[in-house]
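Reader: I'm new to reading protein structures. Please pick one small part, look at it closely with me, and then work outwards from there.

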Amino acid sequence: EASDPDLVERARVAKEKLGSSVFILGHHYQRDEVIQFADVTGDSFKLAQQAAARPDAEHIVFCGVHFMAESADILTKDHQKVILPDLAAGCSMADMAVLTQVEKAWELFTDLGIAGDTVPVTYMNSSADIKGFVGRNGGVVCTSSNAQRALEWSYAKGSKVFFLPDQHLGRNTVVREMGFSLDDCVLYNPHKPNGGLTDEQLRDAKIILWKGHCSVHGRFSLDCVTEVRERVPGVNVLVHPECKHEVVEAADYVGSTEYIIKALDAAEPGSSWAIGTELNLVRRLANAHPDKNVMFLDRTVCYCSTMNRIDLPHLIWTLEELVAGRVPNQITVDGDTAHYARVALDQMLALP
Ligand code: 13P
Ligand code: SF4
């Protein structure tokens, strides 16, 4: 959909007035109308690196979701302010792990005598609180582009890994990339006593997966893969690792949003691609590659509703507030949490 030219012009004027004092980051799942104003676009890992790479910019406008803006606040200098154009842009997966629940699980592991051997790992898609917990307990943050390295580092350090909050990224990484079996993993359900597991299961498990998932990627099913393979001979199925294990197993290629973009850039003209990730990105890829047959893996439409909350009017409002000398929707993480979350984020950035 084309954006309203008057709105585009307002955003352009405001951005120009702000000059290099403002740096706009855009996640690949953002709408086209927003992404056109991003100084840098990226996956979660690249955006975390980029947020830290512009210490001269006083204001970082983060077009993405809350946990990304929190991480940017942690990684940027004290004088820099991180802004989220709509405070309701959260992430349902990140909300599935609450600090009190995670601390309760850790107490249980302590009582069972397994906490000392367990290294906690959290996916970037978690609150700063959870990252702080992980940093306090010797663990690391990961994103979909470095999950294997983070998990290898963690498993080498302990003899057990506690992976938060995305069960699918955790399972897909250890089973597909690291040679673990499905039986090496158990699923910890925070809503059940003892996580829904026996003490023995917890003691024997190599990988304890938190029962969280992404509601967008959870919609892709094995049927979608079977159906598209029947309908489009020779199709390449390319999915994000937040998809269910059976979907990832049936796919041809798996990777982060940045990986997906690069795979399409390298694809042969005339080739067909069914992509299992958020729709704004798939649409953009289809438009960028008219010489290739790019389609959405599911037949139904699915956007990430919280990513989509950041629209052009919210971006304009943010920029015009800044022009007026006000700082709207600043995201800040308190000192102690930020300190330990930074330990876990720095550990990720230092992974070999
Ligand atoms: P990446 O961009 O790191 O692949 O993450 C996808 C995602 O779900 C962000 O919320
Ligand atoms: Fe969260 Fe999924 Fe949306 Fe990513 S796509 S922000 S994991 S709900």
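Author: Asn 194 has its place in the loop between strand E8 (185-188) and helix H9 (199-204). Those labels are DSSP runs, numbered from the N terminus: helices are H or I with at least four residues, and strands are E with at least two. Please keep in mind that this is a predicted model, in which local features need pLDDT of at least 70, side-chain atom pairs count only at pLDDT 80 or more, and totals for chains, interfaces and linings use all residues. Residues are numbered from 1 along each chain as its sequence is written, while chains are lettered from A and ligands numbered from 1 in the order in which they are written.

Now look at the backbone. Asn 194 is not a glycine, yet its phi is positive, about 60 degrees. How buried or exposed is Asn 194? It is partly exposed, because 14 other C-beta atoms lie within 10 Å. The scale works like this: 20 or more other C-beta atoms within 10 Å of a residue's own make it buried, 12 or fewer make it exposed, and anything in between is partly exposed, with C-beta atoms placed from the backbone.

Asn 329 makes a nice companion. It is not a glycine either, and its phi is positive at about 45 degrees. You will find Asn 329 in the loop between helix H14 (312-323) and H15. With 19 C-beta neighbours inside 10 Å, it counts as partly exposed.

Let's move on to helix H15 itself, residues 335-349. Why does its length make sense? At 1.5 Å a residue, its 15 residues should span 21 Å, and the end C-alpha atoms are 20 Å apart, so the two agree. (The expected span is 1.5 Å times one less than the number of residues.) Among the buried residues of H15 are Tyr 340, Arg 342, Leu 345 and Met 348. Their cover includes helix H3 (44-52), helix H4 (66-75), helix H6 (128-136), strand E6 (140-142) and helix H7 (147-157).

Arg 342 deserves a second glance. It belongs to helix H15, and it is buried because 20 other C-beta atoms lie within 10 Å. Although Arg 342 and Lys 131 are 211 residues apart in sequence, their C-alpha atoms are 8.0 Å apart in space.

Met 348 leads us to another such pair: its C-alpha atom is separated by 9.9 Å from that of Met 124, 224 residues away along the chain. Met 124 lies in the loop between strand E5 (118-123) and H6, and is buried, with 26 other C-beta atoms within 10 Å. Leaving aside residues up to four places away in sequence, Met 124 touches Ser 44, Phe 67, Ser 71, Val 141, Cys 142 and Thr 143. Touching, or being in contact, means that two C-beta atoms, placed from the backbone, lie within 7 Å.

Ser 44 takes us to H3, where it is buried along with Phe 45, Lys 46, Leu 47, Ala 48 and Ala 51. The buried residues of H3 pack against several elements, including strand E1 (22-27), helix H12 (257-266) and H15.

Ser 44 and Phe 45 also appear around ligand 1, whose surrounding residues include His 28, Asp 43, Asn 125 and Cys 214. A residue is near a molecule if its C-beta atom, placed from the backbone, lies within 6 Å of it. The shell of ligand 1 divides into two nonpolar, eight polar and two charged residues. Here Ala, Val, Leu, Ile, Met, Phe, Trp, Tyr, Cys and Pro count as nonpolar, Asp, Glu, Lys and Arg as charged, and the others, Gly among them, as polar. Asn 125 and Cys 214 turn up around ligand 2 as well, among other residues such as Met 93, Val 216 and Glu 278. The shell of ligand 2 has seven nonpolar, four polar and one charged residue.

Finally, step back to the whole chain. Its domain assignment, automatic or from a database, gives domain 1 (5-90 + 308-334), domain 2 (94-214) and domain 3 (217-296). The C-alpha centres of domain 2 and domain 3 lie 28 Å apart. Their contact takes 14 residues from domain 2 and 13 from domain 3. On the domain 2 side, helix H8 (residues 167-178) gives the most, with seven residues.
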